[in-house]
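Colleague: I'm new to reading structures. Could you walk me through this one with some questions and answers?

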Amino acid sequence: MLNIAYNLLAGGTCLEHLELLRSDEAYLDALGARRIPDPTTAGDFCRRFDVAAISRLQAIFNATRVKIWRQQPEAFFEEAVLDADGTMAETSGECKEGMDINHKGQWGYHPLVLSLANTGEPLFVVNRSGNRPSHEYAAFYFDQAIALCRRAGFKSIRLRAILTSRRPSIWTAGTPATCSSSSASTR
């Protein structure tokens, strides 16, 4: 997993770029490895993760995250700002599993990323095909993130969504029974 993440940080855009790094001594030293798997092995590893496995992994990350957040000073818990962003991630190759064409004729995926804006931490990442609407699954994952922030002890929670090409919406979650909505500029 770390190897795949480092591939992205080293400028790689696909698993095939791991082949270029396999003989890079500085890269191997950074990983603390003598060798790394070839791209086909890394691809096989990634294909073993189904939706349920990814959800369990995100739940483990978030449980650990709550423990770390609880070590923060009291001021940290004044307000959580949750961002949801649904953005088209155009890719090459029309035969990749799960990708599709959007209304603009672009092939790719349309991931939903829900993050804690205070720290920039991604809380939930959902891969969707390119022809899905921006808001799909956003309400479900906002509910999950709100529950996570409440469990951690945040006093108030503000929700921001940039899910269409229009202006983003901002909601402020008060008590569980109330929620207010307003529009915000894209600046």
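What follows is a short chat about this predicted model.

Colleague: Let's start broad: how many helices and strands does the chain have?
Modeller: Remember that the model is predicted. In this model, the secondary structure of the chain adds up to six helices and nine strands.

Colleague: And what share of the residues counts as buried?
Modeller: Here a residue is called buried when its relative accessible area is under 20%. The chain has 187 residues, and the share of them that passes as buried is 33%.

Colleague: Which strand sits in the middle of the open sheet with β2 and β3?
Modeller: β2 (89-90) and β3 (100-101) stand at the edges, so each has a single partner strand and one side without a neighbour in the sheet. The pairing is antiparallel, and the order is β2-β4-β3. That puts β4 in the middle.

Colleague: Which residue is the bridge partner of Ala89 in β4?
Modeller: β4 covers residues 107-109, and β2 pairs with β4 in the antiparallel sense over two bridges. Within β4, the partner of Ala89 is Tyr109.

Colleague: Now for charges. How far apart are the closest N and O atoms in the salt bridge of Arg48 with Asp44?
Modeller: The whole structure has eight salt bridges, and this is one of them. Arg48 is exposed at 62% relative accessibility, while Asp44 is partly exposed at 32%. To count, a nitrogen and an oxygen must lie within 4 Å; for Arg48 and Asp44 the closest ones are 2.7 Å apart.

Colleague: How many residues apart in sequence are the parts that Arg158 and Glu79 tie together?
Modeller: These two form a salt bridge, with closest N and O atoms 3.4 Å apart. Arg158 lies in strand β7 (residues 156-162) and Glu79 in strand β1, so the pair ties together parts separated in sequence by 79 residues.

Colleague: Is Arg158 buried, partly exposed or exposed?
Modeller: Buried would need under 20%, and exposed would need over 50%. The relative accessible area of Arg158 is 24%, so Arg158 is partly exposed.

Colleague: What about the rings: is the pair of Trp69 and Phe154 stacked, tilted or edge-to-face?
Modeller: The structure holds eight aromatic pairs. For Trp69 and Phe154, the ring centres are 5.5 Å apart and the planes stand at 85°. Planes over 60 degrees apart count as edge-to-face, so this pair is edge-to-face.

Colleague: Where do Trp69 and Phe154 lie?
Modeller: The two are 85 residues apart in sequence, so their pair ties together separate parts of the chain. Trp69 is in helix α5, and Phe154 is in the loop between α6 (138-152) and β7.

Colleague: Are those two residues buried or exposed?
Modeller: Trp69 has 2% relative accessibility, and Phe154 has a relative accessible area of 5%. The cut-off for buried is under 20%, so Trp69 counts as buried and Phe154 is also buried.

Colleague: Which residues form one aromatic cluster with Phe154?
Modeller: Phe76 and Phe154 form a tilted pair, 5.3 Å centre to centre with 50° between the planes. The cluster with Phe154 is made up of Trp69, Phe76 and Phe77.

Colleague: One last thing: leaving aside neighbours within four places in sequence, which residues are in contact with Arg70?
Modeller: Arg70 sits in the loop between α5 (51-69) and β1 (79-86). Arg151 is 81 residues away in sequence, with a C-alpha to C-alpha distance of 10.0 Å. Apart from those neighbours, the contacts of Arg70 are Phe77, Arg151 and Ala152.

Terms used. Residues numbered from 1 in each chain as written. Predicted model: local features only at pLDDT ≥ 70, side-chain atom pairs only at ≥ 80, totals over all residues. Heavy atoms only, no water. Helix = DSSP H or I, 4+ residues; strand = E, 2+ residues; numbered from the N terminus. Contact = heavy atoms within 4.5 Å. Pairing = 2+ DSSP bridges. Salt bridge = Lys/Arg side-chain N within 4 Å of Asp/Glu carboxyl O. Buried < 20%, exposed > 50% of the residue type's maximum accessible area, 1.4 Å probe, protein only. Phe/Tyr/Trp six-rings, centres within 6.5 Å; stacked < 30°, edge-to-face > 60°.
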